[in-house]
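Me: I would like to go through this structure with you. Could you take me through its sheets and its ligand site?

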Amino acid sequence: MIYLDYQATTPVAPEVEKAMAPWVADKFANPHSPSRWGHEAEAAIEVARRHVERAIDLDGGSVAFTGSATEAINWALKGSVERAPLKRSRIITVATEHAAVLDTCEWLAGCGIDLTVLPVKRDGLLDLELLDRELDESVLLVAVMLVNNEIGVLQPIAEIANMAHGVGALMFCDAVQGLGRLTIPQGPDLVAVSAHKIHGPKGIGALWMREGAEPAPFIHGGGQERGLRSGTLSPQLCVGFGAAAKLASERCDLDYDHVQRLWAAATKALGPDWVINGSTAQRYHGNLNIRRDGVDAARVLADLRNIAFSLGSACASGSGRPSHVLRALELDHREARSSIRLGFGRYTTQDELVDACSQIAAAAREQERLLA
Ligand code: PLP
């Protein structure tokens, strides 16, 4: 199989698997118990935490581990609302955010929060003048992602954080698709990340919180994670996340250059008949979301069962929901149906990517021939 679905999840790095192994069976102590073995597990978790913090590389805050980025997002949004002063009752977000943000915001709107979902321009970028017009002293929080999971477009996070702070609002950033791939800009107060998007294990995420901007606890119980997020931490998952974060920090430039070369090879192999969805300038190049007039992308996917790639958002796939991101770019139904997403990165070879792109282009041409 040629794996081209890096936005859905990434292969576990061999270094991560090795680091986790002792913590799966042998070192099973509860990291919160006072025994020597408990302390050993706790120390390993703290080392892992430092690695994740270093990979996020933002000033003046710290990380709490969560069960996923989805949990970190729910916690950041709901916990910030709980802590907000009465006069701040409004959240601003963007139509192309991940469902974890949009659905949580909708839920909060059902509880009485005033919600504004801003549209994007046809290139997927937020219009900062529009944001500026919406910002006032009633805004509690602005939620904007760094790298879009469907189309790879990069939002100007530092500017957005600056604007939010200008009216005294918090800025939350979903950096799940950016961590380890790009520098996370300084500015956000809360940042959600996930291990399995950086060659770590599934089932663990983290919330970075600026000191003083910690949301109210979301999960109550034993008081772990400074009383902010209860529940016994999993040493194996934390150690795996830490190893993946350390590797991502060490390899960031190397992985970036590799992805740039892969992008150039992929676009060349596909040929000129494909249109790139979203900005070509402001984007992460490990995400190639493309469409070709008249092509039924679902049929291409069914024809090429040896290649793993995606039609729309991997998180929404299988739900039958049309991609809200492609709709926000004002693509019509036909254009959305002819769109595919190729995601590649550290372990993708140029040969396999070019092979896959040639097969995809050939399958599209075959559809055109049959229709002609
Ligand atoms: N945010 C973005 C941008 C994502 O791509 C994803 C997963 O696809 C998530 C949040 C949710 O992450 P997790 O799988 O850790 O819950």
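Reply: The answers below cover the sheets, the ligand site and two loop residues.

Reply: This is a predicted model, in which local features need pLDDT of at least 70 and side-chain atom pairs count only at pLDDT 80 or more, while totals for chains, interfaces and linings use all residues. Residues are numbered from 1 along each chain as its sequence is written, and side-chain values use heavy atoms, with hydrogens and water left out.

Me: What is the strand order in the open sheet of seven strands?

Reply: The order is 2-8-7-6-5-3-4, with mixed pairing. Strands (E, at least two residues) and helices (H or I, at least four) are DSSP runs numbered from the N terminus, and two strands pair if DSSP finds at least two bridges between them.

Me: Which strands stand at the edges?

Reply: Strand 2 (61-66) and strand 4 (114-118) do; each has a single partner strand, so one side of each is left without a neighbour in the sheet. On average, neighbouring strands of this sheet are turned by 20° against each other, direction ignored. Axes here are lines fitted to C-alpha atoms, for helices over the stretch in contact, and angles run from 0 to 180 degrees between N-to-C directions.

Me: In which sense do strand 2 and strand 8 pair?

Reply: Strand 2 and strand 8 (residues 205-210) pair in the antiparallel sense over six bridges. Within this pair, valine 63 stands opposite tryptophan 208 in strand 8.

Me: Which strands does helix 6 touch?

Reply: Helix 6 (residues 157-166) packs on the sheet and touches strand 5 (139-143) and strand 6 (170-174), where contact means heavy atoms within 4.5 Å. The direction of helix 6 makes about 155° with that of strand 6.

Me: Now the ligand. How many residues surround it?

Reply: There are 14, and the closest are Thr70, Asp174, Gln177, Ser194 and Lys197; a residue is counted if one of its heavy atoms lies within 4 Å. The shell divides into five nonpolar, seven polar and two charged residues. Here Ala, Val, Leu, Ile, Met, Phe, Trp, Tyr, Cys and Pro count as nonpolar, Asp, Glu, Lys and Arg as charged, and the others, Gly among them, as polar. Helix 3 (residues 69-83) gives the largest share of the shell, three residues.

Me: What lies opposite the ligand oxygen atoms at lysine 197 and glutamine 177?

Reply: An oxygen atom of the ligand is 2.6 Å from an N or O atom in the side chain of lysine 197. For glutamine 177, a side-chain N or O atom is 2.8 Å from an oxygen atom of the ligand.

Me: What about the sheet of three strands?

Reply: It is open, in the order 9-10-12, with antiparallel pairing. Strand 9 (275-276) and strand 12 (339-343) stand at the edges, each with a single partner strand, so one side of each lacks a neighbour in the sheet. Two bridges join strand 9 to strand 10 (residues 287-291), and isoleucine 276 stands opposite isoleucine 290 in strand 10. Helix 7 (residues 235-270) lies across strand 9, strand 10 and strand 12, at about 15° to strand 10.

Me: Finally, where is aspartate 57?

Reply: Aspartate 57 is in the loop between helix 2 (36-56) and strand 2. Phi of aspartate 57 is near 55°, a positive value in a residue other than glycine. Glutamate 225, in the loop between strand 8 and helix 7, has a positive phi near 50°.

Conventions: A polar contact is a pair of N or O atoms within 3.5 Å; within protein, one must be able to donate a hydrogen and the other to accept it, and residues adjacent in sequence count only if both atoms are side-chain atoms.
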